[in-house]
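The following exercises concern the fold, the packing and the chain contact of a protein model. Each task is followed by a worked solution.

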Amino acid sequence: MGKISKYFTYRGHEGQWSWLLHRITGIGVFLFLLAHIVDTAMIGWGPSVYNETMAIYRHPLFRVGEVILSGAVLYHALNGVRIIIIDFWPESTLAQKKLFYAVVVTFAVIFVPAAIYMMAWMVK
Amino acid sequence: MNGAGRPRPQGGIDLMAWIFMRVSGVVLLLMVLLHLAIMHIINNIEVINYHFVAARYATPFWRTFDLVMLWLAFIHGLNGVRVMIDDYVSSRGWRLLSLASLYVLGFIFLALGSLVILTFNPARPF
């Protein structure tokens, strides 16, 4: 058995953490997709049922969750592009760390303003 | 030397799945980020209600968009889970059980989602 970190560490460094984050965000987004199919299905029962369902998402906890979910989608999308670049252009393997930092920077540039905008309701 | 993703399979259904993940991934990047921008930046949960959806679904464009996005995202996610089951579930019985549950649940959710997008009609609730 031994150290707990052994369950989380394969080779460490950017390559492993980007891969682990890709799996975690993938599972998270897929689980939300299941919930989203159910909440959207409520529209079949008419305005009052659907509007009550949407009211759940207006709870502050869900509005914070909305921002985290958007971040998960954005990371998964950008890191997916990095994976595709390396898969189809083998020379770029040598630059895989730089590509990961490009993902991090692009993520921050898009996510930070979007998250601030999405959280603006807090100060209204 | 393999890439950053899973090694490219030699052929068969695994190669099809490997290619599908990459092709659907690129299409989903555009569709899902547009969906997020429209629903969470331009609009938000304060204005999304029954009438918002009814107006959106009055013409076939957004229904088609949502149906294509649902299928691509769902199969992309389903295949992701399948790959993880292959990676982590090593006993034959558990693997069979988890894959069977995945496909049964997957079929039910995808059928429900498609049914809602295709049959929603404000004049005729369930």
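**Exercise 1. Describe the architecture and the spread of chain A in this predicted model.**

Solution. Read along the sequence, the elements of chain A follow the pattern α-α-α-α. The count is thus four helices and zero strands. Next, consider the dimensions: along the principal axes, the C-alpha atoms of chain A fill a box of roughly 55 × 40 × 30 Å. The radius of gyration of chain A is 19 Å, whereas a compact globule of 124 residues would have one near 14 Å. Burial comes next: 19% of the 124 residues in chain A are buried. Finally, among the contacts in chain A with a separation of 6 or more, 66% are made by residues 24 or more positions apart.

**Exercise 2. Carry out the corresponding analysis for chain B, and decide whether chain B is a compact globule or more spread out.**

Solution. Chain B has four helices and zero strands, and its elements run α-α-α-α from the N terminus on. The globule rule gives 14 Å for 126 residues; the radius of gyration of chain B is 18 Å, well over that value, so chain B is more spread out than a compact globule. Along its principal axes, the C-alpha trace spans about 50 × 35 × 25 Å. Of the 126 residues of chain B, 8% count as buried. Contacts between residues at least 24 apart form 65% of those in chain B that join residues at least 6 apart in sequence.

**Exercise 3. State which residues form the largest nonpolar core, and which helix gives the most to this core.**

Solution. The largest nonpolar core has ten residues, among them A:Val29, A:Tyr75, A:Leu99 and A:Val103. Two elements, helix 3 and helix 4 of chain A, each give two or more residues to this core. Helix 3 of chain A gives the most, with seven residues. Another core, of nine residues, lies apart from it and includes A:Ile37, A:Ala41, B:Leu28 and B:Val116. For the surroundings of one core member, take A:Tyr75: leaving aside neighbours within four places in sequence, A:Tyr75 is in contact with A:Leu21, A:Thr25 and A:Phe107. As a general background, nonpolar side chains tend to be buried together in soluble globular proteins.

**Exercise 4. Examine helix 4 of chain A for its span, its bend and its buried residues.**

Solution. Begin with the span: helix 4 of chain A has 23 residues and reaches 32 Å from its first C-alpha to its last, close to the 33 Å expected. Then locate the bend, which is about 25 degrees at A:Phe111; the proline A:Pro113 follows within four residues. The helix has A:Leu99, A:Val103 and A:Met118 as buried residues. The buried residues of helix 4 of chain A pack against helix 3 of chain A together with helix 1 of chain B.

**Exercise 5. Compare the span of helix 3 of chain B with its expected value, and identify what covers the buried residues of this helix.**

Solution. Helix 3 of chain B covers residues 60-88, and its 29 residues should span 42 Å at 1.5 Å a residue; the end C-alpha atoms are 42 Å apart, which agrees. The buried residues of this helix are B:Asp66, B:Leu70, B:Ala73, B:His76 and B:Gly77. Their cover includes helix 1 of chain A, together with helix 1 and helix 4 of chain B.

**Exercise 6. Classify A:Ala72 and B:Leu118 as buried, partly exposed or exposed.**

Solution. A:Ala72 is found in helix 3 of chain A. A residue is buried at 20 or more C-beta neighbours and exposed at 12 or fewer. A:Ala72 has 18 such neighbours inside 10 Å and therefore counts as partly exposed. Not counting residues up to four places away in sequence, A:Ala72 touches A:Thr25, A:Gly28 and A:Val29. The C-alpha atoms of A:Ala72 and A:Gly26 are separated by 7.7 Å, although these residues are 46 residues apart along the chain.

B:Leu118 is found in helix 4 of chain B. With 11 other C-beta atoms within 10 Å, B:Leu118 is exposed.

**Exercise 7. Determine how many residues each chain brings to the contact, and how those of chain A divide by type.**

Solution. The contact takes 36 residues from chain A and 31 residues from chain B. On the side of chain A that touches chain B, helix 1, helix 2, helix 3 and helix 4 of chain A each supply at least two residues. Helix 3 of chain A gives the most to this side, with twelve residues. By type, the residues of this side divide into 21 nonpolar, nine polar and six charged.

Conventions
Residues are numbered from 1 along each chain as its sequence is written. Chains are lettered from A and ligands numbered from 1 in the order in which they are written. This is a predicted model: local features need pLDDT of at least 70, side-chain atom pairs count only at pLDDT 80 or more; totals for chains, interfaces and linings use all residues. Two residues are in contact if their C-beta atoms, placed from the backbone, lie within 7 Å. Ala, Val, Leu, Ile, Met, Phe, Trp, Tyr, Cys and Pro count as nonpolar, Asp, Glu, Lys and Arg as charged, and the others, Gly among them, as polar. A nonpolar core is a set of buried Ala, Val, Leu, Ile, Met, Phe, Trp, Tyr and Cys residues joined through C-beta atoms within 7 Å. The expected span of a helix is 1.5 Å times one less than its number of residues. The bend at a residue is the angle between axes fitted to the seven residues ending there and the seven starting there. The radius of gyration is taken over C-alpha atoms; the globule rule is 2.2 Å times the number of residues to the power 0.38.
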